[in-house]
Structures are given as structure tokens and as C-alpha cells.
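Here are some notes to read alongside the sequence and the structure, taken point by point. Please keep the chain letters in view as you go.

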Amino acid sequence: MTGDEKAKEEFEPKIIGFLCNWCSYTGADLAGVSRLQYPSNIRIIKVMCSGRVNPQFVLKAFQEGADGVLVSGCHPGDCHYIEGNYHARRKLAMLSDILEFTGIEPERFQMSWVSASEGQKFAKIVTAFTEQVKELGPQKKLAGGEDE
Amino acid sequence: MVDYNAMTQEIRAKAKAMLENKEVKYIIGWERGANSFISRPVIIRDAGDTDRLVWNPGCVDNLTRYLVEEMQYKPKRGEEPDLGPVGIIVKPCDSKSIVELIKENIVPRERVKIIAVTNIGTVETNKLRKVLQKIPQDKRAGIDILQDDNEFIIKYDGGELKVPRPELLANKCETCVTHNPVIHDVVIGDKIEGFEADKWADLAELESMSPEERWKFWEDQISKCVRCYACRDSCSLCYCAECVFDKEKPFTWIDKTVDVSNNMFYHLVRAMHLAGRCVDCGECERVCPVNIPIRKLNRLLLKSAKDRYKIYPGMNPEDKPMFGSYDIADPDEVV
């Protein structure tokens, strides 16, 4: 194993997950009570609705050293507040465009719809996303200062 | 050839009539700069002063910022609020700002009288400095800048200099799609037709780069930023009473440190705040002391909004704001 590969092997990304209170957070909870295995790299922040996630939060997370950010809400049409996730979809799609344009890998940022009954799906998304971010390596572009 | 003199006369006549009939409290316009060929903003309160107003390709400022200040003015204790209408002279690009401000309920339509001019382009101040090198120093007083379809004509004491349009034309005018005002009470100048649709040519180069090259480009540009916030302060749509970057309670969103991380955060957040609202008036880039191509960020979002949601801000006050509305059929590819 070369040094490079070893570094990649050891790298455990920090992922911030903004989950909506009504679907995704409950979905994550279900994944927990069902004892599903998924990487512990994700740090979950509960928000009342995915529409609450200001693009600023995502950028701040990156700035504070997050390697990936996951935003998850109710499926379109299922929002507890009727339309919050539609607003989130617009905002965050634009954010992903500008991340790509400035050369920050848009793969570090993901949005997903997870309902309260989709513990399986949540575990799957987190596993896949963690793999994806691990592949990209540490995020150093927006992160300010030295890590730790 | 655009007859700037006749247009100036017409502006003065209209402004005079408005002030004499007490239709407006005052008129926001441009006057001749004291030592400069670039016109400067002026507020005319007296009908006798209207002769100070000018219109020429050096009228670069977007005056709607002053309109916002007027609308947000809080009367002092004991002072009667004066809600009378205000007159303003706008270029077509600035008229889009007014549309956006009306849409966002900052400017009530009845509180503004819009004198709009049609315009084929203004000068870029940075380019002007280079061009002026060709004119002897002692002859630079009393310069007049005129233009026709192909060139700028700089008239100075004892001669004139012809400059091809691209050498002096503002960057924003190269991609402009509104040469006629979109909202107005009075229009001055002939209707301009036959301009090309925006092809986003200025973004193409960056978009063809690899992500790493793009980051390199932006890192270089953004590391120049001194965070003077001139781009924010000159923007007619950055009107928040307390800007998020000034907020200190419950915590600060951005450090005072000037580094790539904080600067990038600032510029990305600013661009996001203007997404679907920015009308590409180009003020941010014009006032930037270190020449960061800020417009590119805004224009990328302008393009995205158009591609994704068929939204192009600043055209119709009846339109819904992009982030204030949604469509169930919006594309869902992020998931």
C-alpha cells in the first residue's frame, strides 16, 4: 500500500446532514431503531423543514471544515408545510450550480428525499454519499485555516 | 449617431416641468463631473438647477440606489414623513432594477416618476483611462464623449479621437439585451431595435475549464478581495436594513479576516442572495477597487434561473420572485 492510498484509507470525512424534522429525521431515527448499519461520518442537524436550509448554512458548513453536506427533506408533495421542500429544491439547485461554477466539487453537496418510513433508504444514501466524499478526499477549498 | 445633446435638452425640459408642477420632490440624475468625463450623480430640488443635468455615455452610475435610500428613510422624531414621489433618470439597465424593487415592495410605483432614456451603451471607466493616454494631458479638460453605432467619439479641446466601440464599451453593455427601458413614465430617445440575444459568451470560457482550473481562477480573483463591501453598498437590491455580514448577534456569520475562505463565503452568499433578483446592472463590478469579475457569479445564476425555471428577473413587476415561488414541475436532478 502506497502512502497516498493509505492516507485515503484513513481519511474519514466529516459530513453534515440537515434533516427535516418530519420525514428525514424520523427516517434516520427509524434506521437507528431498526439497527441498520451506516457510516458514523454524518453529523445530523435537525431543522424543521428542508425549506429552512439557507444556502448560507451549507456554505458555512463547508467553511467550518465539512467535507460533505447532505440536505434531506420530505418527498415532493409530502411536505409537512405543504411547499417547503419545493422552495428548498429551487434554492439548493442554484447553490449546486454556483458551487460547480466556482470549481468546488458539487459532488460534496447532495440533496435527497427520505420519508419517515424509509430507514433503509436513509442508510443507503448515507453509505453511498460517505463513499463518494471519501473518494474526493478532504475539502480544503472553502475550509478556513488548519484542520484541528 | 445618437444625439446626446438633444436628449440632454429633453431631459432638462421634462425635469423642469416636473419640478415646476410639483409632481416630484426632487430629481435624481447625472451631472457633469468637476474634473472628470464620467458624470456624477446629482439631486436636483430646484427647477432653476435642471440645467445641470446631462446625459452622455459617461453616465455610468445606477441611480436606483438613491431611490432605495429615499424609500427606506426613517423620519426623525417630530419630522413629518414626506411620501411624495421622486423623479429619477434611468438607463434601460437601471430600469430593470426599479422593476425588481417594485416587485419586492420596496418602491411603491406611485412614489417614483421615471424618466427613462434609451441607450446603446456606456463607457467602461477602466478602459477609459487607457484610451485617454492618447490625448495630451493639457487638453483633457472639457472632454465630450459621444458615440454612434460603431465607435466612440471623444471630443476634446482642439481635436477629436475616434475609438472603436469594443475598446471603450462597458462589459455589461456587450451582453445587454435591454436597450429600451422596461418601465417608464417618460421615454427619451429613439427606440433601439435589432440587438442580439445574450449568448453568455463571457461565461463560456470558464465553463469549458476543468473544475480545478476554475477553482484556480476564482482563488486568484477572490484572494484579491479586500472586503470593502463596495459591491454590496452600490447594489440597488442589497437593501437589507441589517446585512447578514454585519450581524454580530447571536454570532457573526463571517470573520473579519480577509482570506480566501471568508472572501469566497462572502461572494457566494452574496451571489445566492441575488439569485433570481440580480438584473445585471454591473455596478458591483464597476465599483470593485481590485477588479474582481463579480458579475460572472451573478450572471451564472442568471443563466441557471433562465435554463432551469424560465425566469429572467427585471422584466415585469407582475412576475413572481424566483425564491418566493415554486413550480411542482421543477426539475429534480439534485436528488
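1. Before the details, please bear in mind that this is a predicted model. A good place to begin is chain A, where A:Glu105 and A:Lys141 form a salt bridge whose closest N and O atoms are 3.6 Å apart. This pair links distant parts of the chain, since A:Glu105 sits in the loop between α4 and β4 of chain A, while A:Lys141 belongs to the segment after α5, 36 residues apart. Both A:Glu105 and A:Lys141 are buried.

2. A:Lys141 also has a partner in the other chain, for it forms a salt bridge with B:Glu212, and there the closest N and O atoms are 3.1 Å apart. Between chain A and chain B the count is four salt bridges, whereas the structure as a whole holds 34 over all chains.

3. Which residue of chain A forms a salt bridge with B:Arg308? The partner is A:Asp97, with 2.9 Å between the closest N and O atoms. B:Arg308 lies in helix α12 (residues 294-309) of chain B and A:Asp97 in helix α4 (residues 84-101) of chain A, so this pair joins two chains. Both B:Arg308 and A:Asp97 are buried.

4. The contact between the two chains can also be described by residues and by area. In this model, 33 residues of chain A are in contact with 43 residues of chain B. Together the two chains bury about 3,600 Å² between them, and 66% of that area is on carbon and sulfur atoms. Of the area that chain A buries against chain B, 25% is supplied by A:Arg90, A:Met94 and A:Phe101, which is more than any other three residues supply.

5. Which elements of chain A give two or more residues to the side that touches chain B? Across this interface there are 20 residue pairs in polar contact, counting pairs with both residues at pLDDT 80 or more. The elements in question are α3 (55-63), α4 and β4 of chain A, and α4(A) gives the most, with 13 residues. Sorted by class, the side of chain A that touches chain B has 16 nonpolar, eight polar and nine charged residues.

6. The helix α3(A) deserves a separate look, because nine of its nine residues are buried, so it is largely enclosed by the rest of the structure. Among its buried residues are A:Phe57, A:Leu59 and A:Phe62, and A:Lys60 is also on the list. The buried residues of α3(A) pack against β1 (15-20), β3 (68-73), α4 and β4 of chain A, together with α10 (260-273) of chain B. After the helix comes A:Gly65, which has a positive phi, near 105 degrees.

7. Is A:Ser115 buried or exposed? With a relative accessible area of 14%, A:Ser115 is buried, because the cut-off for that word is under 20%. A:Ser115 lies in the loop between β4 and α5 of chain A, and, leaving aside neighbours within four places in sequence, A:Ser115 is in contact with A:Cys23, A:Gly27 and A:His75.

8. Turning to chain B as a whole, its secondary structure comes to 12 helices and eight strands. The radius of gyration of chain B is 21 Å, close to the 20 Å that the globule rule gives for 335 residues, so chain B is as compact as a globular protein of that length. Along its principal axes the C-alpha trace of chain B spans about 60 × 55 × 40 Å. Buried residues make up 54% of the 335 residues, and among contacts in chain B between residues at least 6 apart in sequence, 71% join residues at least 24 apart.

9. Chain B has salt bridges of its own. B:Asp198, B:Asp202, B:Asp280, B:Arg295 and B:Arg299 are linked in a network of such bridges. Elsewhere in the list, B:Asp94 forms a salt bridge with B:Lys91, with 3.3 Å between the closest N and O atoms, and B:Asp94 and B:Lys91 are both buried.

10. A last residue to find in chain B is B:Pro293, in the loop between α11 (283-287) and α12. B:Pro293 counts as buried, at 12% relative accessibility. Not counting residues up to four places away in sequence, B:Pro293 touches B:Phe217, B:Trp218, B:Gln221 and B:Glu285. From C-alpha to C-alpha, B:Pro293 and B:Gly282 are 9.8 Å apart in space, and they are 11 residues apart in sequence.

Notes: Residues numbered from 1 in each chain as written. Chains lettered and ligands numbered in written order. Predicted model: local features only at pLDDT ≥ 70, side-chain atom pairs only at ≥ 80, totals over all residues. Heavy atoms only, no water. Salt bridge = Lys/Arg side-chain N within 4 Å of Asp/Glu carboxyl O. Helix = DSSP H or I, 4+ residues; strand = E, 2+ residues; numbered from the N terminus. Buried < 20%, exposed > 50% of the residue type's maximum accessible area, 1.4 Å probe, protein only. Contact = heavy atoms within 4.5 Å. Buried area = accessible area lost by both parts, 1.4 Å probe. Polar contact = N/O pair within 3.5 Å; in protein donor to acceptor, adjacent residues only side chain to side chain. Nonpolar A, V, L, I, M, F, W, Y, C, P; charged D, E, K, R; others polar. Rg over C-alpha atoms; globule rule 2.2 N^0.38 Å.
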